[in-house]
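Me: I have a chain open here and want a quick tour. Can you walk me through it?

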Amino acid sequence: MRGLPMVRDGYFYGLALIAVAVLVWFLTGSLAWPVFPLLLAAFFLWFFRDPERQTPQEPGLIISPADGKVTRLERVRTPEGERIHISIFLSVFNVHVNRSPSSGVLRNVTYQKGLYLNALNPDSAEKNEQMRVVLDSDEGYSVSFKMIAGLLARRIVFNYKTGDRLQRGQRVGLIKFGSRVDVMLPSNALTRIKMGDTVKGASTVLAEIPNGVSGVDDAMLAESLA
């Protein structure tokens, strides 16, 4: 995925459909019939785009793991204490490559099979296919995020495992064709976004941790993203 202007899947889908268009044109001799596969090829090449982003490097910053619209921003009570819960909805028009919100080591990576409810449905956080990730940051706090498949999404790709080290803004995977990403922050995080904001993965700052330390035990944070 790294170093390419789009995710590798875009080339596979796009080139395959272009080949179909050429074959249809060869068999029919008409320029009308190949239009549909060519339009699909253009869509896939555009959908799987993977632009470079400038990631803020100041200490204590938590950046957005995804492009999309903020549809939830509230404090919630969990078995481990109070957290700040942020939901980001990704439409088919957004970049779907996901990024690491902070630098650190992956403590927990858990995949869950499930349904494909609309990502705007609150039940999707519990029932949909999803990947739960907990990251212990180098600055002493923990942040977790959940990649949730949506109504059209049929595959979650996550390229790392427990124990791997990530850098803030690093590409970690993608959700294909519409989805949602939930982020759970320490309770003392100072948010820099509001409901309805449009955010960009790797570049928009979601929040800042004062002095870079949460002061909260996040040992079971992955299970709190429901």
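Reply: Sure. Start with contacts in the chain between residues at least 6 apart in sequence: 71% of them join residues at least 24 apart. Keep in mind that this is a predicted model.

Me: What does the secondary structure come to?
Reply: Three helices and 14 strands.

Me: How much of the chain is buried?
Reply: Buried residues make up 52% of the 226 residues. The chain exposes about 10600 Å², and carbon and sulfur atoms supply 61% of that area.

Me: OK, helix 1. Does its length add up, or what should the 21 residues span?
Reply: Helix 1 covers residues 8-28, and at 1.5 Å a residue it should span 30 Å. Its end C-alpha atoms are 31 Å apart, which agrees.

Me: Which residues of helix 1 are buried?
Reply: Asp9, Gly10, Gly14, Leu17 and Ala21. Looking down the axis of helix 1, these buried residues fall within an arc of 120°, so they line one face.

Me: Why would residues spread out like that in sequence share a face?
Reply: An α-helix has 3.6 residues a turn, so residues three or four places apart point the same way.

Me: What covers the buried residues of helix 1?
Reply: The cover includes helix 2, residues 35-47.

Me: And what is exposed on the other side of helix 1?
Reply: Phe12, Leu15, Phe26 and Leu27 are exposed there.

Me: What follows helix 1?
Reply: Glycine 29 does. Its phi is positive, near 70°.

Me: Switching to sheets. What is the strand order in the open one?
Reply: It has three strands in the order 4-10-8, with antiparallel pairing. Strand 4 (97-99) and strand 8 (156-158) are the edges, since each pairs on one side only. Neighbouring strands are turned by 25° against each other on average, direction ignored.

Me: How many bridges join strand 8 to strand 10?
Reply: Three, and the two strands run antiparallel. Strand 10 is residues 171-175.

Me: What stands opposite phenylalanine 158?
Reply: Glycine 173, in strand 10.

Me: Last one, proline 186. Where is it?
Reply: Proline 186 is in strand 11, residues 179-186.

Me: Buried or exposed?
Reply: Buried. The cut-off is under 20% relative accessible area, and proline 186 has 1% relative accessibility, so it counts as buried.

Me: How far is proline 186 from isoleucine 84?
Reply: In sequence, proline 186 and isoleucine 84 are 102 residues apart. In space they are 6.4 Å apart, C-alpha to C-alpha.

Key
Residues numbered from 1 in each chain as written. Predicted model: local features only at pLDDT ≥ 70, side-chain atom pairs only at ≥ 80, totals over all residues. Heavy atoms only, no water. Helix = DSSP H or I, 4+ residues; strand = E, 2+ residues; numbered from the N terminus. Expected span 1.5 Å × (residues − 1). Buried < 20%, exposed > 50% of the residue type's maximum accessible area, 1.4 Å probe, protein only. Arc of directions from axis to C-beta. Contact = heavy atoms within 4.5 Å. Areas by Shrake-Rupley, 256 points an atom, 1.4 Å probe, with all protein chains shown as cover. Pairing = 2+ DSSP bridges. Axes fitted to C-alpha atoms, helices over the stretch in contact; angles between N-to-C directions.
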